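Here is a short briefing to read with the structure open beside you. Take it one topic at a time, and find each residue in the picture as you go.

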Amino acid sequence: MNNKHSEENIKIEIDAINVQIIASIISIGTVLISILLLYNQKLEMEEKEPILNATQTQKLSTFNRTLILIIVIVFLIINFLLYKISKEEGEDLKPYNLQLVASVLTVIASGIALYVVLQAREGKQISDVENPVI
């Protein structure tokens, strides 16, 4: 029975790795969007024609922040699943506890960053907070 349980846990861990790969690829996309937003802001500051107008910038920034929040929630869920598996297998839980705390804090930070972008009025620059790197 223990051997079968271990096989189930291995399948869950493999699925978690697959999800992490996809989420990591998507997070690269969020970095590219952040670069685009920063470059757009630079063009505006240099009084050149920006790539995006204020409405597009706000929508893209909101989309990017939402995507980042979803990604960090996915990583929190994966960390919790790995914690449960490790607990079942009697492993040392200290590293998993720390990772869970870090994941929760990241979700909180991402939620706050999304809230800030949602509260920004159209055309108002919030450049200091809208494009931090994950």
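Asp15 and Lys11 sit four residues apart in helix α1, which covers residues 2–45, so about one helical turn separates them. Their side chains meet in a salt bridge, with 3.0 Å from N to O. Keep in mind that this is a predicted model.

**Salt bridges**

- How many salt bridges does the structure hold? There are three salt bridges in the structure, and the Asp15 and Lys11 pair is one of them.
- Asp15 counts as partly exposed, because its relative accessibility is 35%.
- An α-helix has 3.6 residues a turn, so residues three or four places apart point the same way. That is a handy idea to hold on to when you look at the pair in α1, whose members are four residues apart.
- Further along the chain, the side chains of Lys42 and Glu46 form a salt bridge at 3.7 Å, N to O.
- Glu46 also forms a salt bridge with Lys48, and here the closest N and O atoms are 3.4 Å apart. Through shared partners, the salt bridges join Lys42, Glu46 and Lys48 into one network.
- Are Lys42 and Glu46 buried or partly exposed? Lys42 is partly exposed, with a relative accessible area of 43%, and Glu46 is partly exposed too, at 38% relative accessibility.

**An aromatic pair**

- The structure holds one aromatic pair. Its partners are Phe80 and Tyr83, which are stacked, with 6.3 Å from centre to centre and 25 degrees between the planes.
- Why does this pair count as stacked? Planes under 30 degrees apart count as stacked, and the angle here is 25 degrees.
- Where in the chain do Phe80 and Tyr83 lie? Both belong to helix α2 (residues 54–88), and because they are three residues apart, about one helical turn separates them.
- The two partners have their own labels for accessibility: Phe80 counts as partly exposed at 42%, whereas Tyr83 counts as buried at 16%.

**Helix α3: buried residues and a surface patch**

- Helix α3 runs over residues 94–119, and Ile108 has its place there.
- Which residues of α3 are buried? They are Leu100, Ser103, Val107, Ser110, Ala113, Leu114 and Val117.
- Ile108, by contrast, counts as partly exposed, because its relative accessibility is 46%.
- Ile108 helps to make a nonpolar surface patch of about 450 Å², together with Val101, Val104, Leu105 and Ile112.
- You can also check the length of α3 yourself: at 1.5 Å a residue, its 26 residues should span 38 Å, and its end C-alpha atoms are 38 Å apart, so the two values agree.

**The chain as a whole**

- Stepping back, the chain has four helices and zero strands. Reading along the sequence gives the pattern α-α-α-α.
- The chain has 134 residues, and 30% of them count as buried.
- Take the contacts between residues at least 6 apart in sequence: 70% of these join residues at least 24 apart.
- The accessible surface of the chain comes to about 8900 Å², and carbon and sulfur atoms account for 65% of it.

Methods
Residues are numbered from 1 along each chain as its sequence is written. This is a predicted model: local features need pLDDT of at least 70, side-chain atom pairs count only at pLDDT 80 or more; totals for chains, interfaces and linings use all residues. Side-chain values use heavy atoms; hydrogens and water are left out. Helices (H or I, at least four residues) and strands (E, at least two) are DSSP runs, numbered from the N terminus. Buried means under 20% relative accessible area, exposed over 50%, partly exposed in between (1.4 Å probe, protein chains only). Contact means heavy atoms within 4.5 Å. Accessible areas come from the Shrake-Rupley method with a 1.4 Å probe; for residues, only the protein chains shown count as cover. Rings of Phe, Tyr and Trp (its six-membered ring) pair if their centres lie within 6.5 Å; planes under 30 degrees apart count as stacked, over 60 as edge-to-face and the rest as tilted. A salt bridge is a side-chain nitrogen of Lys or Arg within 4 Å of a carboxyl oxygen of Asp or Glu. Patches are made of residues with over 30% relative accessible area and no salt bridge: like charges are joined within 9 Å, nonpolar side chains (Val, Leu, Ile, Met, Phe, Trp, Tyr) within 5 Å. The expected span of a helix is 1.5 Å times one less than its number of residues.
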